[in-house]
Each structure stands twice: as C-alpha cells, then as structure tokens.
Amino acid sequence: MSTKNSNLKTCIGRYWVVLSLLCLHYGVFAQAPQKAYISWRVQPKVCIVAKLGDSCEMALLISTDGLKPGKYCYFKNNQKMHCKTFNQAEDTVVVKFSQHTVLELRDQNDTILLSHEIQIKARNRKPQTRRVRQPWSLF
Amino acid sequence: MFIHRLRYLLLAISLFGSVPAFACESGQSCIEKGQWDIGIAFGIGARSNPLVDGNTFPNIILIDVAWYGDQIYFDNGELGFRLIENQKTGFETYLVIDREAAYFDLLHPGNFSISSLISPTTGQPIPPDNQTLDSEEVRLSLDDIRDRKWAVNLGGRYHYYTEKGEVSFSYETDVSSVHQGSKAALSYEHYWSGDDWQLSIRPSVLWKSDKLVNYYYGVSAQDFPDNDIRYTAKGGLQPSLSLTYTKRFSEDWYWVANLSYQKLHSSMVASPIVDENNVSSVFLGLGYRF
C-alpha cells in the first residue's frame with residue numbers, strides 16, 4: 001500500500017513538473033500583449049451609392065472586445081481622423097468616403113490594433129468603363 | 001488616301017474582334033456606358049498663343065463631353081474604337097481633329113505687315129539684297145500668310161495601367177491630306193485621390209514630323225507668291241507637363257484647376273510666324289456635371 005502511494009506521488013510530481021513547464025512555455029502566467037486578444041465588429045460594412053464615384057457618409061457602429069481603456073486614434077486610408085479615450089466597448093464614428101476605404105484603430109505608439117475595410121458599391125447595374133482621355137484636360 | 005487608310009482601320013477592327021468585359025475601378029476616370037457625360041466649367045484662366053501677334057486665349061469656359069459604348073466612344077472631339085481593354089492594358093484607334101490649327105483659326109489680327117525676313121540660322125531664308133538681317137525683325141503676322149486648314153488624324157493609342165497611373169503611347173497621321181504629316185506622344189500620368197478629390201500630374205513628350213510642322217509653321221511660295229520669303233520648319237520633340245486637380249463639393253459641382261506647360265522645339269520657335277518658345281495654360285473654375 002505504501003509502495004502504491006509512493007508511486008502515485010512520484011507520478012503526480014512528474015506530471016506537475018511537465019504541466020508547469022508547458023504553462024511557462026505558452027505564457028499562461030505571463031502578461032499577454034493586448035493586440036493578440038482584442039477584436040472589433042464594424043457595421044455596416046457596405047455603402048450603396050447611386051453611381052460609382054458618388055460619396056457616401058455613414059455612421060459606423062463599432063463594438064470592441066478586449067480593448068483596454070485608454071486613448072486610441074481612428075485612421076482612414078492611413079490618414080488620421082481623430083483620437084478619443086475608450087472607456088466602453090462600443091463607439092460610433094462618422095465616415096465619408098467615395099472608394100473602398102480601410103478604417104484602422106491605432107494606439108499611442110501608432111501600432112495598428114484593428115483594421116477593417118469598408119466597401120462602396122454602385123446601385124445601378126449599367127457597366128462602367130474607363131475613359132481613354134483625362135477629363136477636363138486642356139492639352 | 002483617306003479611304004485607303006480607313007481600310008487599315010477596318011482591317012484592324014476585324015482582327016481584334018470584341019472587347020472583353022471590364023469593370024472600371026473607383027478612383028479612375030470612369031464613365032457609364034451608353035450615357036452622355038457632359039460637364040461645363042466656368043472660371044478664370046488663359047492659354048498663351050505662340051504665334052506672332054497671337055493673342056492669349058481667355059479660358060473662361062471648359063467643356064468636357066464624352067460618350068462610351070461597348071467599343072465605340074466619343075471623348076472631347078475624338079471618335080474612337082476600342083480594340084483592347086482589360087485590367088492592365090488598352091488599345092484604341094481613333095479619328096481626331098488636329099489641334100495644331102487652333103492657333104491660326106482663333107486669331108484675326110487686324111493689320112497686314114511684314115517686318116522683315118527670317119533668321120539666317122534656320123530654314124532656307126533668301127534675304128533680299130544679300131543683307132544680314134536681325135532675326136528680331138523677322139516676324140510675320142498671321143494675315144501675312146495663307147490660311148492653315150484643320151486636319152483630321154487617324155491614330156492609335158496604347159495604355160499600360162498601373163495602380164495609380166498609366167503610361168500611354170499614341171501615334172497619329174493625317175488622313176485628310178492637309179499636311180500628310182504625323183505625330184506621336186509618350187506620356188505618363190500619375191494620380192493621387194481622396195474621397196472627393198483627385199490630383200494628377202502628366203509629363204509627356206510629343207514628337208511632330210517635318211511635314212506637319214512645315215505645313216503650319218513653314219513659309220512657302222504659297223504664302224508669298226511674289227516674294228522671296230521662305231522658311232522650312234523641321235519636326236522635333238516637345239516636352240510638356242500638365243497638372244489637373246478636381247475636388248467635389250456637392251453632388252454635381254466640382255472645383256477644377258488645370259496647369260499646363262508645353263515647350264516648343266527649336267525649328268518651330270525659329271519660324272517667322274512664331275514668337276514664343278512655349279504654350280502655357282492655366283484654368284481655375286467651377287465645374288458642373290449634368
């Protein structure tokens with residue numbers, strides 16, 4: 001009986017050591033970087049316009065998950081829109097655009113935390129084509 | 001001659017067949033097929049005239065008219081047929097009125113005067129009395145010479161599109177038997193665009209043949225049947241740079257700004273009817289699209 005107990009303790013001890021090493025390896029006890037755990041949901045994703053080239057202005061509803069409270073900045077196609085302090089998971093941002101646009105959320109170190117593409121689509125079904133000459137050109 | 005060259009055009013059309021469907025990307029100069037796109041801009045600006053006594057043209061109204069079908073198109077005075085159109089390349093043939101005559105038709109100088117003869121360094125001047133002439137005095141007004149006719153050119157243009165621009169090469173030849181000359185242009189256009197604005201820059205090099213340049217800027221016996229004044233103008237290269245900026249501020253209204261500069265080649269500048277070595281243009285105004 002005592003031999004059995006001794007073997008059981010030895011086995012548990014070995015598993016405990018292996019388990020501890022695995023935990024250390026995968027960083028369970030370490031502080032994980034924020035970027036790996038946050039996500040967001042942006043709605044709507046598509047803006048419909050009458051014809052290609054028309055501009056679209058809409059309010060985007062943004063829901064974040066895992067974003068720490070702090071100051072972050074919105075970027076639209078690599079151009080800074082505005083910065084704000086996030087205290088809650090939801091936010092609304094008004095965006096005006098006339099072509100496919102990439103909306104980004106960056107931290108104070110200019111690190112891109114979240115990125116989302118907003119598409120623009122023409123309502124009419126008539127096909128578009130590319131002009132062979134530049135409009136409004138004088139030469 | 002015209003019919004003969006049209007045969008080549010029709011042959012080329014039959015060889016290439018149809019154009020595959022291609023969707024124009026947002027940010028490019030797109031137009032809806034089968035619908036007229038008409039724009040008119042009012043503003044201030046001017047375009048210089050390189051001819052002797054040539055008045056600067058006031059750029060008050062700018063018109064932009066285009067219609068595109070599946071293959072046939074009309075774009076600001078150019079009637080064309082698209083043979084290739086895909087994501088990366090394009091090729092079309094077209095008929096277009098040569099703009100070279102614009103300097104001549106829009107000018108109506110009141111006085112008839114012949115200052116003197118021409119520069120001894122270019123062309124084949126025949127100075128009277130074998131005297132050396134001051135080239136500054138060798139200037140002929142438009143009324144001194146015969147009318148220059150409008151020519152119709154048959155051309156072909158190739159496009160290679162990049163992400164934010166395009167390279168194009170075109171070649172045109174006179175099919176109206178006016179001057180029987182030709183010209184070619186190599187240009188690169190790069191553009192930057194935002195949600196409601198676009199800025200494009202286009203450096204180009206234009207080549208004009210001897211026949212074309214000599215018809216418009218040479219001085220021959222037809223100009224002076226009873227005089228010995230002659231000048232033979234040669235072809236050459238003319239670099240140019242154009243900047244265009246448009247900004248939309250409502251559904252149909254735009255700001256339109258255009259700056260252009262074209263350097264003329266030496267043999268054209270040396271012509272007794274030419275007074276400037278460049279053609280420059282500026283326009284700033286409001287544009288409306290119907």
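The following dialogue works through a predicted model of two chains, A and B.

Trainee: Which conventions apply to this model?

Mentor: Residues are numbered from 1 along each chain as its sequence is written, and chains are lettered from A, with ligands numbered from 1, in the order in which they are written. In this predicted model local features need pLDDT of at least 70, side-chain atom pairs count only at pLDDT 80 or more, totals for chains, interfaces and linings use all residues, and side-chain values use heavy atoms, with hydrogens and water left out.

Trainee: How many residues does each chain give to the contact between chain B and chain A?

Mentor: Contact means heavy atoms within 4.5 Å. Chain B contributes 61 residues and chain A contributes 25 residues. Buried area is the accessible area (1.4 Å probe) that two parts lose on being put together, summed over both. Here chain B and chain A bury about 3800 Å², 47% of it on carbon and sulfur atoms.

Trainee: How many salt bridges are there between chain B and chain A?

Mentor: Side chains of opposite charge can pair when their charged atoms come close. The rule for a salt bridge asks for a side-chain nitrogen of Lys or Arg within 4 Å of a carboxyl oxygen of Asp or Glu. Three salt bridges are counted between chain B and chain A. Arg131(A) forms a salt bridge with Asp64(B), and their closest N and O atoms are 3.0 Å apart. On the side of chain B that touches chain A, 18 residues are nonpolar, 23 polar and 20 charged; Ala, Val, Leu, Ile, Met, Phe, Trp, Tyr, Cys and Pro count as nonpolar, Asp, Glu, Lys and Arg as charged, and the others, Gly among them, as polar.

Trainee: How many salt bridges does the structure hold over all chains?

Mentor: There are 15 over all chains. One salt bridge joins Asp70(B) and Lys33(B), with the closest N and O atoms 3.6 Å apart. Asp70(B) lies in the loop between strand E4 (61-68) and strand E5 (72-75) of chain B, and Lys33(B) in the loop between E1 and strand E2 (37-47) of chain B, so the pair ties together parts that are 37 residues apart in sequence.

Trainee: Which strands join chain A to chain B?

Mentor: Strands (E, at least two residues) are DSSP runs, numbered from the N terminus, and two strands pair if DSSP finds at least two bridges between them. Strand E9 (residues 128-130) of chain A and strand E1 (residues 30-32) of chain B run antiparallel, joined by three bridges. Arg130(A) has Cys30(B) as its bridge partner in E1(B).

Trainee: How are E2(B), E4(B) and E5(B) paired?

Mentor: E2(B) and E4(B) run antiparallel and are joined by six bridges; Ile63(B) is the bridge partner of Ile40(B). Three bridges join E4(B) to E5(B), also antiparallel, with Asp75(B) as the partner of Ala66(B). E4(B) and E5(B) form a hairpin with three residues between them.

Trainee: What is to be noted about the backbone at Pro44(A) and Asn77(A)?

Mentor: Most residues other than glycine have a negative phi, and most peptide bonds are trans. The peptide bond from Gln43(A) to Pro44(A) is cis, with omega near -5°; Pro44(A) is in the loop between strand E1 (39-43) and strand E2 (46-49) of chain A. Asn77(A) has a positive phi, near 50°, and is found in the loop between E4 and E5 of chain A.

Technical notes:
Helices (H or I, at least four residues) and strands (E, at least two) are DSSP runs, numbered from the N terminus.
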